[in-house]
Amino acid sequence: MIAVNFDPSMFLAILPEILLVVLAGLVLVLDLFLPQERKGSLGWVTASGLFFIMALSLIFARPPAEPRLVWGGMVRQDSFGFVFTMLLLFGAAISSLMSIDYEKFGKRGEYYVLMLVSTLGMCFMASSSDLIMLYLAIETTSIPLYILAGLLIRDDKSTEAGFKYLLFGAMTSAIMLYGFSLLYGFSGTTNMYLIAEGVSAGHLSLAAVIGSLMLVLIGFGFKVSAVPLHFWAPDVYEGAPTPVTGFLSTASKAAGFAVLVRFLLVVFPAVTPEWRAIVAALSVATMTLGNLLALVQTNIKRMLAYSSIAHAGYMMIGVVAVTQLGATSVVFYLIAYLMTNLAAFGVVAVIGRVTGSDEMTAYYGLSRRAPGLSLILMVSFLSLAGMPPLGGFAAKFFVFAAAVNSQMIWLAIVGVLNSIIGLYYYLTVLKYVYLYPPPEEVEAVSISRSYALALGVLVVGIILIGTIFGPWVSWATAAAKALF
Amino acid sequence: MGFPILSVIVFTPIIASLIILMIPADRKAEVRVAALAAAAFALVLSIWMYFSYDKAVAGYQFVEKHAWLPQLGISYQVGVDGMNAPLVLLTGIVMFTGVLISWKVDDRPREFFAFLFILATGVFGVFVAQDLFMLIFFYEIAVFPMYLLISIWGWKVTREYAAMKLTLYLFIGSVVALVGILAMYFTSGLGTFDMIAMEQAHFTVAFQKLVFPFVFFGFAVLGGIFPFHNWSPDGHVAAPTAVSMFHAGVLMKLGAFAALRVGIMLLPDGARFWMPWIIILTLVNVVYGAFIASVQSDFKYVIGFSSVSHMGLVAMGFATLNSQGMLGAGVQMFSHGVMTALFFAVVGMVYDQAHTREIPQLGGFRKLMPLVALAFIVGGLVSMGMPGFSGFIAEFPIFLGLWGSYPWIAIVAAISIVVTASYIIRVISRVFFGSLSPEFEGHIRDVTILDKVALVFLSGILIVLGVYPAIMVPLVQTGVQNIMRLLGGA
């Protein structure tokens, strides 16, 4: 199963990652030589470079029909990793487009380099098949994110966010590493697929397996902000610069789900009933608590933080289904969610820059000042609420379908009830936007070119996902098949 | 059929709404003309579709089918039969008159018409859908624009509360129905959402008994069934005139129709088991709705509760599960839709001039707006089930069917006719006759020519259908035969 011998085609398996390193280097060099007033183009270089990498990978680096382990079993070349890589590159490209306008960091090379390095780690998270590789990937992802969250060093909230993220991240990652070491100790190998064989063969005691599973879940739960490991999210989301928050809440969460889904389905199929119960409980707690706390928020970034916690709960429904349809629904959900949440944070970033506030009061009467932006906000919020013809509807539909298909109607009903709570707070914001009078006369909100491009792509994407399902579902299905 | 007429009808409003959104916000006249043109186009097509339906052949016609998501058996599939062809026509009528009545909307008309048309696409889509996924897809499209329409352009006093209440009620209903639909999809084992294929699914009786309430009540929330009717009067009253017309006229039929199409037609054994209980709920709807309507002092609440009462008759017709009841319910959906659109149009016109809807303060409006008074009287006669008007054509078969299955219920339900007559006559005499209060003297003008066109159009339809029922009854009869085949064959 493991391709031991070196084979030049192995480079194709990590082509996107190689190109990411090259791009990061290019940005650093450009940062040295570009005059200060032209540094705004760094963001454009990053974004177009990322799109270029996507295109190259789609042309040259498609995974083989039969998945294989390459680089001594460190990386698995399969559709699952590939689809996530594309998704993460897209998320990073949009996030860098949204950063260009920021005076404080949008014109600094190191900002984009950090984002690229973090993306590199995420891509490896999605495709690694070895505990050591996985741990390295998670750390490569996290350390740049800690810095990005605390980027505004003169802003107390931002430094608080960065520091908090660092402390909680380091702690959960240590616990997860302990879980990894137990797995290695019990099975004698660090390769996920070989550990799985050990677990299935019954060489390991059940208590040991469940124990290490719980430890590992703590690390993954932190990454996807599942209750009870969610508490960092609102503070970090609120304090971090808005484009970073968008990146954190979408790409980082997607990478976390990639690891969660692969790990549970690949390493622990032998103890499915046990982890299924645990994850189902986590799912119910995550969506319920996330939605209930989102109800009472007055800061839009905090509200979106709780809403993204709730969305992690919905996605876990698909994980709990433990079927190919379930895995498909998770991947599809992540595609739709990434587009939608990025659009929402994009609007928040524009408003935050113009009004200097992320409080809901800044959104009063927005439709009179910025009708186009209000429509985009409406599209993204209704998609988050799960309304057709937007991506969020199809995503929820598939997740609930997966639950019903796995005889877990009760979980679908919990999800349905939660989506009603969700609708309430999304509509409340739309009410402020469309109904309430603006506080005083404020100048019209103008959108720069980079935002217009990013938001335009996202809105078209949200509508396409919600109306023409075929291609997206094929992708998600291909990804899910690689795990079964 | 080469020309995809149903798809064109479904997508005309949403394309129109995109075009309207591209017109600059201050070009209000162009926005209105574009809206009227689109509505007229949809109306003409739906009239054409209605009259070219071949009754001799019956069954589903103008069928189109395209794969949407073949992996899960989801297709875009449309078709009409005798049951939904009148409803498509109704939507066309209400959309057209709604645009006429909304000519004077001056606050952001661009967004108003755009949202209204998104709603219209959802409604058309549900009525013609032959695929369960497509049905729920369009059903939810029809739900959310309502929130914005009511909360932005509605009556200032209650709009925030009413809009949220309405949206949450309807959303709960639709997601509950969604769970039922998913259960049907996976249990059938057919791997398709095609409703015509699912008619042959042969679900077990136990399964049908379990799932029927999910689907039926999930949709019937929008049909205003007791005890889930609570959103409806508040929503109707808070909504701007055109939206009330759309909502009471068309959207409530959406709920009733979907409950019939998915609940009764696909789960006939479940329907047989639950109907004796449901008919009691509908009886409450009919009688209680009428009594509540008769004690309201707000003109618009009277009409709002009368809708609850009349929609109860529709559900009651379905609940008889016999062909007369179904026939009556089918015609009642159309007749009530036009009638209630007329009522809300009248209420809107009176309120726009008088700035109050309190019945005791009004009076003598016949002298100021004679055509409005006349139109209301026509609507009132329909509402009372007077022979010669469409209401009679609809209500008579319902009571006939009811008498066949549940004579006692028929007797109790008949009380509602008397109560309805009492509140309609009270409104007519207080609002339109009587003496004109001095505060209205002088500054009340008659309605505009566009309003008059809308009123004449709506009342004309009610009279034509009453005098010449052959225009609709045989058509609905073919649809009823299809339902009875499913109910009898299972």
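This is a short group-meeting talk on a predicted model with chains A and B.

Hi everyone, thanks for coming. Please keep in mind throughout that we are looking at a prediction.

Let me start with chain B on its own. Its secondary structure comes to 19 helices and 2 strands. How does its radius of gyration sit against the globule rule? The value is 21 Å, close to the 23 Å that the rule gives for 490 residues, so chain B is as compact as a globular protein of that length. If you prefer to think in box dimensions, the C-alpha trace spans about 70 × 55 × 45 Å along its principal axes. Of the 490 residues in chain B, 61% are buried. The fold also brings distant parts of the sequence together: take the contacts in chain B between residues at least 6 apart in sequence, and 80% of them join residues at least 24 apart.

Now to where the two chains meet. Chain B puts 25 residues into the contact, and chain A puts in 27. Which elements of chain B supply at least two residues each to that side? They are strand 1 (61-69), helix 5 (132-153) and helix 6 (159-188). Helix 6 of chain B gives the largest share, with 13 residues. Sorted by class, the chain B side has 20 nonpolar, 3 polar and 2 charged residues.

One residue to click on here is V179(B). Leaving aside residues up to four places away in sequence, V179(B) touches F400(A), V404(A), I409(A), A412(A), I413(A) and V416(A), as well as F214(B).

V179(B) also turns up in the largest nonpolar core, which has 396 residues. V179(B) is among the residues with the most contacts inside that core, and so are L88(A), L334(A), I335(A), F400(A), L254(B) and A345(B). The largest share of the core, 21 residues, comes from helix 14 (residues 324-355) of chain A.

Let me finish with a helix pair inside chain A. Two packed helices are described by the angle between their axes and the distance between the axes. Helix 4 (residues 79-99) and helix 11 (residues 242-267) of chain A pack at about 170°, with axes 9 Å apart. These two helices of chain A are therefore roughly antiparallel to each other. From helix 4 of chain A, the contacting residues include F80(A), F84(A), L87(A) and L88(A); from helix 11 of chain A, they include F247(A), A251(A), A254(A) and R262(A). By class, this helix contact has 12 nonpolar, 5 polar and 1 charged residues.

That's my tour. Thanks for listening!

Conventions. Residues numbered from 1 in each chain as written. Chains lettered and ligands numbered in written order. Predicted model: local features only at pLDDT ≥ 70, side-chain atom pairs only at ≥ 80, totals over all residues. Contact = placed C-beta atoms within 7 Å. Helix = DSSP H or I, 4+ residues; strand = E, 2+ residues; numbered from the N terminus. Nonpolar A, V, L, I, M, F, W, Y, C, P; charged D, E, K, R; others polar. Axes fitted to C-alpha atoms, helices over the stretch in contact; angles between N-to-C directions. Parallel < 35°, antiparallel > 145°, perpendicular 65-115°, else oblique. Rg over C-alpha atoms; globule rule 2.2 N^0.38 Å. Buried ≥ 20, exposed ≤ 12 C-beta atoms within 10 Å, placed from the backbone. Core = buried A, V, L, I, M, F, W, Y, C linked by C-beta atoms within 7 Å.
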